[in-house]
Amino acid sequence: MDPQKLVHELLSAAEKAGIQVRELSPAEASLSSGLVTLRGQKVLFLHPGHPPAEQAQAVARALRGQNLDQVYLSPGARAAIEDES
């Protein structure tokens with residue numbers, strides 16, 4: 001699956017799962033992408049400068065363990081989530 005399309009699909013799934021997605025700013029360039037909980041809300045910070053394949057890995061990692069029963073995922077996106085370790 002094309003990494004850019006995979007990122008788009010995984011980000012859509014994250015939002016449907018109740019995860020807010022924010023891009024890190026240039027001032028935060030030394031930070032890595034990751035999932036945090038702020039005031040009870042899950043927030044995924046995504047580094048916009050990373051290649052799509054790395055972004056897809058970060059989003060897939062954030063989606064592991066989330067309830068995605070009501071979210072349609074293509075086989076490629078589901079495999080990315082399940083294979084991410």
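## Helix α1 and its cover

In this predicted model, the buried residues of α1 are covered by elements that include β1, β3, α2 and α3. Those buried residues are Leu6, Val7, Glu9, Leu10, Leu11, Ala13 and Ala14. Glu9 is one of the buried residues of α1.

The length of α1 fits helix geometry. The helix has 14 residues, and at 1.5 Å a residue it should span 20 Å. Its end C-alpha atoms are 20 Å apart, so expectation and model agree. After α1 comes Gly18, with a positive phi near 90°.

## The nonpolar core

The largest nonpolar core holds 21 residues. Leu10, Val59, Leu63, Leu73 and Ile81 have the most contacts inside this core. Four elements give two or more residues to it: α1 (3-16), β3 (41-46), α2 (52-63) and α3 (75-83).

Val59 shows how these parts meet. Setting aside neighbours within four places in sequence, Val59 is in contact with Leu10, Leu11 and Ala14. Leu44 and Leu46 are also contacts of Val59. Leu10, Leu11 and Ala14 are among the buried residues of α1.

## The sheet

Three strands form an open sheet in the order β1-β3-β2, with mixed pairing. β1 (20-23) and β2 (34-38) stand at the edges. Each has a single partner strand, so one side of each is left without a neighbour in the sheet. From one strand to the next, the twist averages 30°. α2 packs on this sheet and touches β2 and β3. The direction of α2 makes about 165° with that of β3.

Strands of a sheet pair through backbone hydrogen bonds, in either a parallel or an antiparallel sense. Here, β1 and β3 run parallel and are joined by four bridges. β2 and β3 pair in the antiparallel sense, over five bridges.

## Partners along β3

Individual positions can be followed across the sheet. Glu23 stands opposite Leu46 in β3. On the β2 side, Leu35 stands opposite Leu44 in β3. Val36 has Val43 of β3 as its bridge partner. Leu44 and Leu46 are also in contact with Val59.

β2 and β3 form a hairpin, with two residues between the strands. Arg39 lies in the turn and has a positive phi of about 50°.

## The chain as a whole

The protein chain has three helices and three strands. From the N terminus on, the elements run α-β-β-β-α-α. Of the 85 residues, 36% are buried.

Overall dimensions fit a compact globule. For 85 residues, such a globule would have a radius of gyration near 12 Å. The protein chain has 12 Å, which agrees. Its C-alpha atoms fill a box of roughly 35 × 30 × 20 Å along the principal axes.

Contacts also reach across the sequence. Among contacts between residues at least 6 apart in sequence, 46% join residues at least 24 apart.

Note on methods:
Residues are numbered from 1 along each chain as its sequence is written. This is a predicted model: local features need pLDDT of at least 70, side-chain atom pairs count only at pLDDT 80 or more; totals for chains, interfaces and linings use all residues. Side-chain values use heavy atoms; hydrogens and water are left out. A nonpolar core is a set of buried Ala, Val, Leu, Ile, Met, Phe, Trp, Tyr and Cys residues joined through side-chain atoms within 4.5 Å. Buried means under 20% relative accessible area, exposed over 50%, partly exposed in between (1.4 Å probe, protein chains only). Contact means heavy atoms within 4.5 Å. Two strands pair if DSSP finds at least two bridges between them. Axes are lines fitted to C-alpha atoms, for helices over the stretch in contact, and angles run from 0 to 180 degrees between N-to-C directions. The expected span of a helix is 1.5 Å times one less than its number of residues. The radius of gyration is taken over C-alpha atoms; the globule rule is 2.2 Å times the number of residues to the power 0.38.
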